[in-house]
Structure formats: C-alpha cells, structure tokens
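Trainee: I would like to learn how to read a sheet and the empty space inside a protein. Could you take me through an example, step by step?

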Amino acid sequence: PLAPAVKNFTLNFTITNLQFTADLQNPNSRRFKSTEKVMYHYVSLTNNALLGHTVSQRTFLTFFPRSGRHRDDTNVDAVCSYKDNANMATFDREKLYQELSTMTNNVTKLGHYSLDRSSLYVDG
C-alpha cells in the first residue's frame with residue numbers, strides 16, 4: 001500500500017493583546033521562541049478536530065504586524081502538515097473551523113491571548 005500523502009492547511013488569526021515587535025520576525029529571539037512554543041501547543045489541539053488526521057510537528061509559524069489602525073496587533077499564519085490517510089474521514093476545513101471556534105470561545109480567547117473575533121481563517 002502507498003504511504004499516506006502529506007497535505008497542508010493554513011490557519012490565520014489575529015492576536016490583539018500581543019503587540020507586534022520586530023523580534024517576532026526573528027526565529028532566534030527569545031520572544032519568538034516563547035510565542036512559538038505557545039502557538040505550537042494550541043495548533044496541536046487541532047488534532048482533535050481533524051477526525052483522525054494528525055498534525056505533524058512541522059508546523060511553520062509566521063508572525064507579522066496587522067495593517068491599518070490596529071497595527072500593534074499580531075497576525076499569525078500557521079502552515080500545518082497532516083498525513084492524509086485513506087482509511088480516515090476526509091479533511092473538512094469547515095468542521096475544523098467550527099472546532100477551533102468552539103476551542104477559542106467563539107474566536108475570542110486562545111489561552112491568555114485575545115483574538116480578533118473576525119480573524120480566524122482555515123484554508124486547506
């Protein structure tokens with residue numbers, strides 16, 4: 001049998017109580033590493049919503065400033081990989097969105113971070 005294909009999906013959201021600073025673009029900075037660690041934890045929680053697909057540890061995070069009048073907020077892109085197993089249910093981005101919405105109190109809280117309620121987007 002063929003090995004399961006590795007596929008990607010992207011999560012985008014905005015953290016409103018994490019002020020963007022240049023050190024969030026430096027993967028070697030202490031601030032990047034501590035924020036990345038917290039984000040990895042929350043991204044790993046998506047495994048519960050993936051109907052048996054498992055998100056790999058190869059998630060790639062990018063932090064960047066929000067544009068416009070809220071430019072102190074931090075946008076987060078998380079490109080996640082998972083194995084597409086033919087014996088499992090098909091990846092359902094709408095179900096994942098609903099699960100993430102529930103996990104984040106209707107897209108308002110991610111642990112100690114506050115989220116822009118209209119910022120969650122799942123692509124995949």
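Mentor: We shall look at the sheet, then at the helices on it, then at one residue, and lastly at the cavities, keeping in mind that this is a predicted model.

Trainee: How many strands form the sheet, and in what order do they stand?

Mentor: To read a sheet, one follows the pairing from strand to strand. Here four strands form an open sheet in the order S2-S3-S1-S6, and the pairing is antiparallel. Strand S2 (60–65) and S6 stand at the edges, each with a single partner strand, so one side of each is left without a neighbour in the sheet. From one strand to the next, the twist averages 15°.

Trainee: How many bridges join S1 to strand S3, and which residues could I look up as examples?

Mentor: S1 and strand S3 (residues 74–84) run antiparallel and are joined by eleven bridges. You can follow the opposite directions in the pairs themselves, since Val 6 has Lys 83 as its bridge partner in S3, Phe 13 has Val 76, and Thr 14 has Asn 75. On the other side of the order, three bridges join S1 to strand S6 (residues 121–123), again antiparallel, and there Thr 10 stands opposite Asp 123. S2 is joined to S3 by six bridges, also in antiparallel fashion, and the bridge partner of Phe 60 in S3 is Val 79.

Trainee: Which strands do the helices touch?

Mentor: H1 packs on the sheet and touches S1, S2 and S3, its direction making about 120° with that of S2. H2 also packs on the sheet, where it touches S1 and S6, and its direction makes about 150° with that of S6.

Trainee: Is Ala 78 buried or exposed?

Mentor: A residue counts as buried when its relative accessible area is under 20%. Ala 78, which is found in strand S3, has a relative accessible area of 0%, and therefore it is buried. Leaving aside neighbours within four places in sequence, Ala 78 is in contact with Phe 9, Thr 10, Leu 11, Val 43, Thr 59, Phe 60 and Leu 61. One of these, Phe 60, is 18 residues away from Ala 78 in sequence, while their C-alpha atoms are 5.6 Å apart in space.

Trainee: How many cavities of 30 Å³ or more does the structure hold, and what lines the largest cavity?

Mentor: Rolling a probe the size of a water molecule over the atoms shows where empty space is left. This structure holds two cavities of 30 Å³ or more, and about 100 Å³ of space lies in the largest cavity. The residues that line the largest cavity are Leu 11, Phe 13, Tyr 42, Val 43, Leu 100, Met 103, Thr 104, Leu 110, Leu 115 and Leu 120. At least two residues of that lining come from each of strand S1 (5–15), helix H1 (30–44) and helix H2 (93–103).

Trainee: What classes of residue make up the lining of the largest cavity?

Mentor: Sorted by class, that lining has nine nonpolar residues, one polar residue and no charged residues.

How values were computed:
Residues are numbered from 1 along each chain as its sequence is written. This is a predicted model: local features need pLDDT of at least 70, side-chain atom pairs count only at pLDDT 80 or more; totals for chains, interfaces and linings use all residues. Side-chain values use heavy atoms; hydrogens and water are left out. On a 1 Å grid over the protein atoms alone, a cavity is a set of points where a 1.4 Å probe fits but cannot get out, and a pocket is an open set with protein on both sides within 12 Å along at least five of seven lines; lining residues have an atom within 4 Å of a point. Grid points are joined across faces, edges and corners, and a volume is the space filled by probe spheres set on the points. Ala, Val, Leu, Ile, Met, Phe, Trp, Tyr, Cys and Pro count as nonpolar, Asp, Glu, Lys and Arg as charged, and the others, Gly among them, as polar. Two strands pair if DSSP finds at least two bridges between them. Axes are lines fitted to C-alpha atoms, for helices over the stretch in contact, and angles run from 0 to 180 degrees between N-to-C directions. Contact means heavy atoms within 4.5 Å. Buried means under 20% relative accessible area, exposed over 50%, partly exposed in between (1.4 Å probe, protein chains only).
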